[in-house]
Every structure is written in structure tokens, then in C-alpha cells.
Amino acid sequence: RCVLQVQAIALVLAGIFGCMMQCLNILNQVSVMISCSGTKVQSEAIEACTEMVRTCGKIFWVGMRLIYFLLPCLAWLLGPTYFAISSLLSVAFMISVDHYKGTGWNDSLSIGGRLESSQAMMIASCQVSACHPEDG
């Protein structure tokens with residue numbers, strides 16, 4: 001019984017690690033691509049960066065959900081009652097978080113969501129650095 005619980009916790013932790021490392025990898029690539037401002041490929045770089053930031057947001061969303069799911073997995077070590085209570089609390093928390101504008105899966109894809117504003121700031125910074133390349 002305990003082996004299955006530890007395996008479930010290890011699987012969730014591996015998923016969290018994988019998602020967060022993929023986010024860092026994508027953001028690292030975006031930081032390199034932003035330095036392409038002032039070149040012939042600036043418009044393509046901005047579009048690619050926008051899509052990469054959107055992908056990173058989706059992966060981060062999955063990673064955060066795995067973190068929320070880790071609590072019931074840890075409570076499972078204490079017994080089924082703690083597992084049931086923590087599962088209900090985690091689901092209630094995720095439902096409450098997803099009902100705020102700009103924080104849910106569907107809202108991240110819509111105009112005006114949190115990811116869209118991040119993309120707008122990134123595009124604005126690319127355009128400013130293209131106009132003033134000496135500023136960086």
C-alpha cells in the first residue's frame with residue numbers, strides 16, 4: 001500500500017519538475033529571440049515569441065495543477081479520510097481559482113486574459129528596443 005502511494009507522489013513530483021523545467025526552457029528561448037529586435041526577422045521573432053509565451057503559460061498551468069494535486073497525494077499517506085478531505089479541498093480551491101477572470105485554462109486563451117497582457121508587454125518591449133537599439 002505504501003509503495004503505491006510513494007510511487008504516486010514520485011510521479012506527481014516528476015510531472016511538476018518536467019513542467020517547470022519546460023517553462024524555464026521556453027522562457028530562455030524567448031529571451032534569446034527577443035534580442036533579434038532591430039533585425040530583418042523582427043516581425044517573425046515577435047510572432048514566434050508570442051506563441052512560445054502562450055505555450056509556456058499552458059505548461060505552467062498544468063504544473064501548478066500538479067502542485068495542487070500533490071496535497072491529496074501527501075495526505076493519502078495519513079489515511080483515506082485525509083485523502084478524501086484534502087481532495088475535496090483541492091478541487092474546491094481549483095474551481096475557485098479558475099472562476100477568476102484571466103486565471104483559468106479557457107481565459108488564458110481569450111483576449112484580455114493574463115497571457116495576452118504578458119504578450120502585449122513583450123511585444124511593446126521588442127518594439128521599443130528596435131527603436132532604440134543602444135538602450136538594449
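Is Val 6 buried, partly exposed or exposed? In this predicted model, Val 6 comes out as partly exposed, since its relative accessible area is 44%, and a residue has to be under 20% to count as buried or over 50% to count as exposed. Val 6 sits in helix H1. It also belongs to a nonpolar surface patch, where it joins Leu 74 and Leu 77. Together the three residues of the patch have about 230 Å² of accessible area.

Stepping back to the whole chain, the fold is built from five helices, with zero strands. Read from the N terminus, the order of elements is simply α-α-α-α-α. Of the 136 residues, 31% are buried. The chain exposes about 8600 Å², and 71% of that comes from carbon and sulfur atoms. As for contacts, take those between residues at least 6 apart in sequence: 68% of them join residues at least 24 apart.

Now to the inside. The largest nonpolar core has nine residues, among them Ile 26, Val 30, Met 52, Val 53 and Ile 59. Cysteines turn up here too, namely Cys 19, Cys 23, Cys 49 and Cys 56. Two elements, helix H1 (2–34) and helix H2 (42–76), each give two or more residues to this core. H2 provides the largest share, with five residues. Cys 56 gives a good view of how the core is put together: leaving aside residues up to four places away in sequence, Cys 56 touches Cys 23, Ile 26 and Leu 27. There is also a second, separate core of five residues, including Val 12, Ile 16, Leu 70 and Cys 73.

The aromatic side chains add another layer, with two aromatic pairs in the count. One of them is formed by Tyr 68 and Phe 93, an edge-to-face arrangement with 5.0 Å centre to centre and 85 degrees between the planes. Because Tyr 68 lies in helix H2 and Phe 93 in helix H3 (residues 80–98), this pair ties together parts that are 25 residues apart in sequence. Phe 93 itself is partly exposed, at 38% relative accessible area. Trp 76 and Phe 83 make a pair as well, and here the ring centres are 5.7 Å apart with the planes at 40 degrees, so this one is tilted. Both partners of the tilted pair are partly exposed: Trp 76 has 25% relative accessibility, and Phe 83 has 30%.

Methods:
Residues numbered from 1 in each chain as written. Predicted model: local features only at pLDDT ≥ 70, side-chain atom pairs only at ≥ 80, totals over all residues. Heavy atoms only, no water. Core = buried A, V, L, I, M, F, W, Y, C linked by side-chain atoms within 4.5 Å. Buried < 20%, exposed > 50% of the residue type's maximum accessible area, 1.4 Å probe, protein only. Helix = DSSP H or I, 4+ residues; strand = E, 2+ residues; numbered from the N terminus. Contact = heavy atoms within 4.5 Å. Phe/Tyr/Trp six-rings, centres within 6.5 Å; stacked < 30°, edge-to-face > 60°. Patch = residues over 30% accessible without salt bridge, like charges linked within 9 Å, V, L, I, M, F, W, Y side chains within 5 Å. Areas by Shrake-Rupley, 256 points an atom, 1.4 Å probe, with all protein chains shown as cover. Salt bridge = Lys/Arg side-chain N within 4 Å of Asp/Glu carboxyl O.
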